[in-house]
Amino acid sequence: MTQPEEKLVVAGDGFVGWHALNDTIMGGRSSGSCNVSQAGLRFSGELIEQGGGFVSVRSPLFSPPLDLSGFAALRLDLAGHGRRYKLAVACADGVAGLTELIPGGLRWVHEFGTELEGFSSVRIGFDQLTPSVRAQPIEKLPMGLPLRLDASRITRLQLLHSKFDDAGGLNPGFRPGPIDLELRAIQAVN
């Protein structure tokens, strides 16, 4: 049996259960909310840089975890209005759950740009994702154990617009103010 070239992860009203997670969790004042329709997810809000500087939308926990091990990448179909976003992927690890003990949680992230107008189709290879905790890249667990993305055990997906880039520096595409993100679909692809 051959592996399909792509697999739909979520689209249209399948985004029910996705929710906003903004910098208010760390004392910021940004706001945002999600609306889901047959066209997909729409996230809108107000991004305030002082005291925080991020807004995001994330999936519920996948239980059981998504097994995307037969694929090389995720493709996002979205309208981001020229902003730079990060895809963050959480996965259960094969190191006895040690990554879940890291405060703030380990996420595999990759920053990407969007078209100023219309929809973008963005492909992010699993090999492009780098480990990060709270916008700071890390290479190893505190005990020196190496980190490895396990695409067979993906537990959550998240899209963020943050003042920080992948390397922990400032995101040159960051813009405070009103924000509007439309997400049509996420697919696993080769």
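**View 1. The cysteines of a chain without disulfides.** This predicted model holds 0 disulfides. A disulfide is a covalent bond that joins the sulfur atoms of two cysteines. Look at Cys34 and Cys91 in turn. Cys34 has a relative accessibility of 21%. Buried means under 20%, so Cys34 counts as partly exposed. Cys91 has a relative accessible area of 6%. That value is under the 20% cut-off, so Cys91 is buried.

**View 2. Phe15 and Trp18 form an aromatic pair.** A search of the whole structure gives 2 aromatic pairs. One of them joins Phe15 and Trp18. The ring centres are 5.1 Å apart. The planes meet at 75 degrees, an edge-to-face arrangement. Phe15 is buried, at 0% relative accessibility. Trp18 is buried too, with a relative accessible area of 7%.

**View 3. Arg184 places its charged end over a ring.** The ring belongs to Phe119. The charged end of Arg184 lies 3.5 Å from the centre of that ring.

**View 4. The strands of the protein chain.** The chain has 13 strands and 0 helices. Read along the sequence, the pattern is β after β. Take the contacts with a separation of 6 or more: 76% of them link residues 24 or more positions apart.

**View 5. Inside and surface of the chain.** The protein chain has 190 residues, and 49% of them are buried. The chain exposes about 9,300 Å². Carbon and sulfur atoms supply 54% of that exposed area.

Definitions and conventions
Residues numbered from 1 in each chain as written. Predicted model: local features only at pLDDT ≥ 70, side-chain atom pairs only at ≥ 80, totals over all residues. Heavy atoms only, no water. Helix = DSSP H or I, 4+ residues; strand = E, 2+ residues; numbered from the N terminus. Buried < 20%, exposed > 50% of the residue type's maximum accessible area, 1.4 Å probe, protein only. Contact = heavy atoms within 4.5 Å. Areas by Shrake-Rupley, 256 points an atom, 1.4 Å probe, with all protein chains shown as cover. Disulfide = S-S within 2.5 Å. Phe/Tyr/Trp six-rings, centres within 6.5 Å; stacked < 30°, edge-to-face > 60°. Lys NZ or Arg CZ within 6 Å of the ring centre and 35° of its normal.
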